[in-house]
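Got a minute to go through this one together? Let's take the labels people put on a structure and ask what each of them rests on.

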Amino acid sequence: MKHKFNLKKVLTLFSVFFKIGAFTFGGGYAMIPLIQKEVSENRKWITEEEILDVFAIAESTPGPIAINSATFIGYKIAGFWGSFFATFGVVLPSFIIISLISLILTEFQDIKAVQYAFFGIRAGVLALIIKAFWSMAKVCPKKTISYILAALAFILAAVFNVDVLIVIIGCAVIGLVSSLIAERRIK
């Protein structure tokens, strides 16, 4: 699909992803619910089912999930320039904030109020990640194999520290094989 350059679209993509990047603490996974809400619920750029595919692709490709998601969504909406401006938008706030914090953090890191603030931010980030999990779980296929794969993937990654890429590839293979078996049973 060839996209014609549309300044309004690329500036909208930039501003949406800049806002997501600026107001999310905790990294890429904490951005997932904000990305989902903005691009799927608010703007209707992609469906709830497509957002799951975006996150699956973004997680299984090299790089941070939020940046990969912004790049993929931007491309889908406005081609190359959409991907460029969405990615630039999501990255720029972190670059600015980290640059500023690195200049002054060493001066304030021993202050109790700063330590308590970061404790609270971590708790909030955990809540956002759980919310993202809940939103995605609601639109996942309701099949026994899906629940088994999700539990197995969690156990392998969280308990046994199996590399996430291996877990994703394994889940993809199992999903493909189980779909082919189900398809053969129908025939």
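**Labels and the values behind them**

The protein exposes about 12500 Å², and carbon and sulfur atoms supply 72% of that area. Keep in mind that this is a predicted model.

Q: What makes the pattern of the protein α-α-α-α-α-α-α?
A: There are seven helices and zero strands, and reading along the sequence gives that string of α's. The C-alpha trace spans about 65 × 45 × 25 Å along its principal axes.

Q: How many of the protein's contacts with a separation of 6 or more come from residues 24 or more positions apart?
A: Those pairs account for 59% of them. As for burial, 25% of the 187 residues count as buried.

Q: What makes the largest nonpolar core a core, and which residues have the most contacts inside it?
A: A core is a set of buried nonpolar residues joined through side-chain atoms within 4.5 Å, and the largest such set here has 23 residues. Phe17, Ile35, Val39, Ile51, Phe55 and Ile73 have the most contacts inside it. Helix 1 (7-22), helix 2 (28-42), helix 3 (48-60) and helix 4 (65-108) each give two or more residues. The largest share, eight residues, comes from helix 4.

Q: Which residues does Phe17 touch, not counting residues up to four places away in sequence?
A: The list is Ile35, Val39, Ala70, Ile73, Ala86, Gly89 and Val90.

Q: Why is Glu41 with Lys37 called a salt bridge?
A: The cut-off is 4 Å from nitrogen to carboxyl oxygen, and this pair comes in at 3.6 Å, N to O, so the label fits. The two residues are four apart in helix 2, so they are separated by about one helical turn. Glu41, at 32% relative accessible area, is partly exposed, and Lys37, at 39%, is partly exposed too.

Q: How do you know that Glu38 is buried or exposed?
A: Buried means under 20% relative accessible area; Glu38 has 9%, so it counts as buried. Glu38 meets Arg43 in a salt bridge at 3.5 Å, N to O. Arg43 has 37% relative accessibility, which lies between 20% and 50%, so Arg43 is partly exposed.

Q: What makes the salt bridge of Glu50 and Lys76 a tie between parts of the chain?
A: The side chains meet at 3.6 Å, N to O. Glu50 lies in helix 3 and Lys76 in helix 4, so the pair ties together parts that are 26 residues apart in sequence. Both ends are partly exposed: Glu50 has a relative accessible area of 28%, and Lys76 is at 33%.

Q: Which residues are joined into one network by salt bridges that share partners?
A: Lys19, Glu38 and Arg43 are. The search of the whole structure finds four salt bridges.

Q: Why does Thr87 count as buried while Met136 counts as partly exposed?
A: The line falls at 20% relative accessible area. Thr87 has 17%, so it goes under the line as buried, whereas Met136 has 23% and so counts as partly exposed. Thr87 sits in helix 4 and touches Ile67, Ala70 and Thr71, leaving out residues up to four places away. Met136 belongs to helix 5 (residues 112-139). Beyond its neighbours within four places in sequence, Met136 contacts Ile32, Leu52 and Phe55. Met136 and Ile111 are 25 residues apart along the chain, and their C-alpha atoms are separated by 38 Å.

Q: What makes the phi of Lys44 worth a second look?
A: Most residues other than glycine have a negative phi. Lys44 is not a glycine, yet has a positive phi of about 55°. Lys44 sits in the loop between helix 2 and helix 3. At 62% relative accessible area, over the 50% cut-off, Lys44 is exposed.

Q: Where is Asn161 found, and how do you know whether it is buried or exposed?
A: Asn161 is in the loop between helix 6 (144-159) and helix 7 (164-186). Exposed means over 50%; Asn161 has 64% relative accessibility, so exposed is the right word. Asn161 also has a positive phi of about 55° although it is not a glycine.

Technical notes:
Residues are numbered from 1 along each chain as its sequence is written. This is a predicted model: local features need pLDDT of at least 70, side-chain atom pairs count only at pLDDT 80 or more; totals for chains, interfaces and linings use all residues. Side-chain values use heavy atoms; hydrogens and water are left out. Buried means under 20% relative accessible area, exposed over 50%, partly exposed in between (1.4 Å probe, protein chains only). Contact means heavy atoms within 4.5 Å. Accessible areas come from the Shrake-Rupley method with a 1.4 Å probe; for residues, only the protein chains shown count as cover.
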